[in-house]
Amino acid sequence: EVQLVESGGGLVQAGESLKLSCVASGFTSDDWAIGWFRQAPGKDREGVGCINNSDGRLYAADSVKGRFTISGDNAKKTVYLQMNSLTPEDTGVYYCVDALGSCTEGDFGSWGQGTQVTVTS
């Protein structure tokens, strides 16, 4: 079973940065993909980005392009979400998810527990 654990969330002011981590265990090959989602209070979960470890492809939602950067460390089975120029609209619980080897197929497996990001004005 693939397990994912997020960390790095916190309380910051607008304009500050945070770096989230998602540590995965249970992958049996290097052909893994991990997505990032977020959920604001009262709203549906929305995709933020994704990384395909197999080919190095990176994806990011239009709302965060230019501010958020996804990267991965295959040796550590860890994916990072560097978030810069944060705004209150970025507030929410951030989750990583097993994208079942592909960021483009839209199929997901295990989810992490989430990490809270709060951005104040």
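Trp36 stands opposite Gly49 in strand 5, and I would like to start from that pair, in what I should say at once is a predicted model. A little further along, Arg38 stands opposite Glu46, again in strand 5. These pairs belong to the contact between strand 4, residues 33-39, and strand 5, residues 46-52, which run antiparallel and are joined by six bridges. The hairpin of strand 4 and strand 5 has six residues between the strands, and within this hairpin Gly42 takes a positive phi near 75°.

Let me turn to the other neighbour of strand 4. Strand 9, residues 92-98, is also antiparallel to strand 4, with six bridges joining the two, and here Gly35 has Val97 as its bridge partner. As for burial, six of the seven residues of strand 4 are buried, and therefore the strand is largely enclosed by the rest of the structure.

Where does strand 4 sit in the order of the open sheet? The sheet has six strands, and reading across it the order is 2-10-9-4-5-6, with mixed pairing, which places strand 4 between strand 9 and strand 5. Strand 2, residues 10-13, and strand 6, residues 58-60, are at the edges and have a single partner strand each, so one side of each is left without a neighbour in the sheet. From one strand to the next, the twist averages 20°.

Now to the covalent links, since the structure holds two disulfides. Cys22 is joined to Cys96, with an S to S distance of 2.1 Å, and with 80° about the S-S bond this link is right-handed. The pair connects distant parts of the chain, given that Cys22 lies in strand 3, residues 18-25, and Cys96 in strand 9, 74 residues apart. Cys22 is buried, at a relative accessible area of 0%, and Cys96 is likewise buried, at 0%.

The other disulfide is formed by Cys50 and Cys103, whose sulfur atoms are 2.0 Å apart, and its -80° about the S-S bond makes this link left-handed. Because Cys50 lies in strand 5 while Cys103 lies in the loop between strand 9 and strand 10, the pair ties together parts that are 53 residues apart in sequence. With buried meaning under 20% relative accessible area, Cys50 counts as buried at 7%, and Cys103 also counts as buried, at 17%.

How do the bonded cysteines pair when they are numbered in sequence order? The pairing is 1-3, 2-4.

Methods: Residues numbered from 1 in each chain as written. Predicted model: local features only at pLDDT ≥ 70, side-chain atom pairs only at ≥ 80, totals over all residues. Heavy atoms only, no water. Pairing = 2+ DSSP bridges. Helix = DSSP H or I, 4+ residues; strand = E, 2+ residues; numbered from the N terminus. Axes fitted to C-alpha atoms, helices over the stretch in contact; angles between N-to-C directions. Buried < 20%, exposed > 50% of the residue type's maximum accessible area, 1.4 Å probe, protein only. Disulfide = S-S within 2.5 Å.
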